[in-house]
Amino acid sequence: MQLTPDFEPAKAVGRLLRRSRQGALATLMTGSGDPYCSLVNVASYPDGSPILLISRLAIHTRNLLADARVSLMLDERVEGDPLEGSRIMLSGHAEEVASDQEIVRRRYLNAHPGAEVFVDFKDFAFFRIRLSGTHLVAGFGRILDLKPAQFLTDISDAGALLEAEQSAVEHMNTDHREALGLYATCLLGAGAGDWLCSGLDPDGIDLQAGNKTLRLDFPQRVTGPGELRKMLVRLAEQARTKA
């Protein structure tokens with residue numbers, strides 16, 4: 001494919017991973033091995049890999065418990081012809097979350113606050129898709145395969161940031177809603193709305209207002225709460241200058 005200077009495939013995949021809230025999950029039917037596809041809600045782990053909250057009573061859950069191989073289609077959800085927007089087909093293995101329950105739970109509920117009413121039902125469980133690759137379609141001449149190392153966020157050195165993430169999210173949503181609105185409208189060109197922060201990671205901040213989602217990439221990586229605060233202040237100042 002011919003890549004243009006303004007097109008960065010890894011960032012295109014990363015933004016779709018962070019912004020997507022629904023996707024088409026493909027599993028293999030137990031017994032027959034026939035393909036089975038279903039609609040699921042999606043959130044992202046700090047590194048960008050998909051998180052699912054699904055019921056063990058669902059066919060897709062029974063399928064992946066028998067054979068963990070899955071694929072997940074995420075798309076840009078543009079108005080008009082959906083084939084004109086970007087989409088990715090992710091492949092990997094779905095694993096039930098065991099050790100990272102707290103991180104997974106809070107990130108999923110930040111993205112899907114309505115799930116609070118059933119998240120503790122006994123038949124529901126969190127699954128994380130361990131990715132093996134992706135196929136990106138981002139328009140004419142922009143079709144290629146990428147490996148996870150090319151688009152997932154490195155969190156190996158960001159333990160302090162992940163520990164502080166939820167308090168930072170709550171602080172931004174409580175005390176700095178104006179700055180979040182400026183990020184959305186002045187830095188990302190979105191319309192005015194009740195913009196909230198739904199996640200923070202070394203590479204950027206996730207925003208949402210109702211069913212609209214945005215991703216603001218940081219100009220440099222941040223790995224601790226002090227660096228994060230400086231970055232958010234810097235971005236707010238840039239946004240105010242543009243405003």
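Helices here are DSSP runs of H or I with at least four residues, and strands are E runs of at least two, numbered from the N terminus. By that count, this predicted model holds seven helices and 11 strands.

**Whole chain.** Start with everything selected. The C-alpha atoms fill a box of roughly 60 × 45 × 35 Å along the principal axes. The radius of gyration is 18 Å, which agrees with the value near 18 Å expected for a compact globule of 243 residues. Turn on contacts next. Of those between residues at least 6 apart in sequence, 61% join residues at least 24 apart.

**Surface.** Now show the accessible surface. The protein exposes about 12,300 Å², and carbon and sulfur atoms supply 53% of that area. Colour by burial: 47% of the 243 residues are buried. Then colour by charge. There are 27 positive and 32 negative side chains. The centres of the two sets lie 1 Å apart.

**Strands β7 and β8.** Select residues 124–137, strand β7. Add residues 143–146, strand β8. The two strands run antiparallel, joined by four bridges. Pick V137 and look across: its bridge partner in β8 is I143.

**The hairpin link.** Move to the stretch between these strands. Five residues separate β7 from β8 in this hairpin. Stop at G139, where phi is positive, near 115°.

**Two faces of β8.** Show side chains on residues 143–146. In a regular strand, side chains alternate between the two faces of the sheet. Which residues of β8 lie on the covered face, and which on the uncovered one? L144 and L146 form the covered face. I143 and D145 sit on the uncovered face. End on I143, the residue that bridges to V137.

Note on methods. Residues numbered from 1 in each chain as written. Predicted model: local features only at pLDDT ≥ 70, side-chain atom pairs only at ≥ 80, totals over all residues. Heavy atoms only, no water. Rg over C-alpha atoms; globule rule 2.2 N^0.38 Å. Buried < 20%, exposed > 50% of the residue type's maximum accessible area, 1.4 Å probe, protein only. Contact = heavy atoms within 4.5 Å. Areas by Shrake-Rupley, 256 points an atom, 1.4 Å probe, with all protein chains shown as cover. Lys, Arg positive; Asp, Glu negative; His and termini not counted. Charge placed at Lys NZ, Arg CZ, Asp CG, Glu CD. Pairing = 2+ DSSP bridges.
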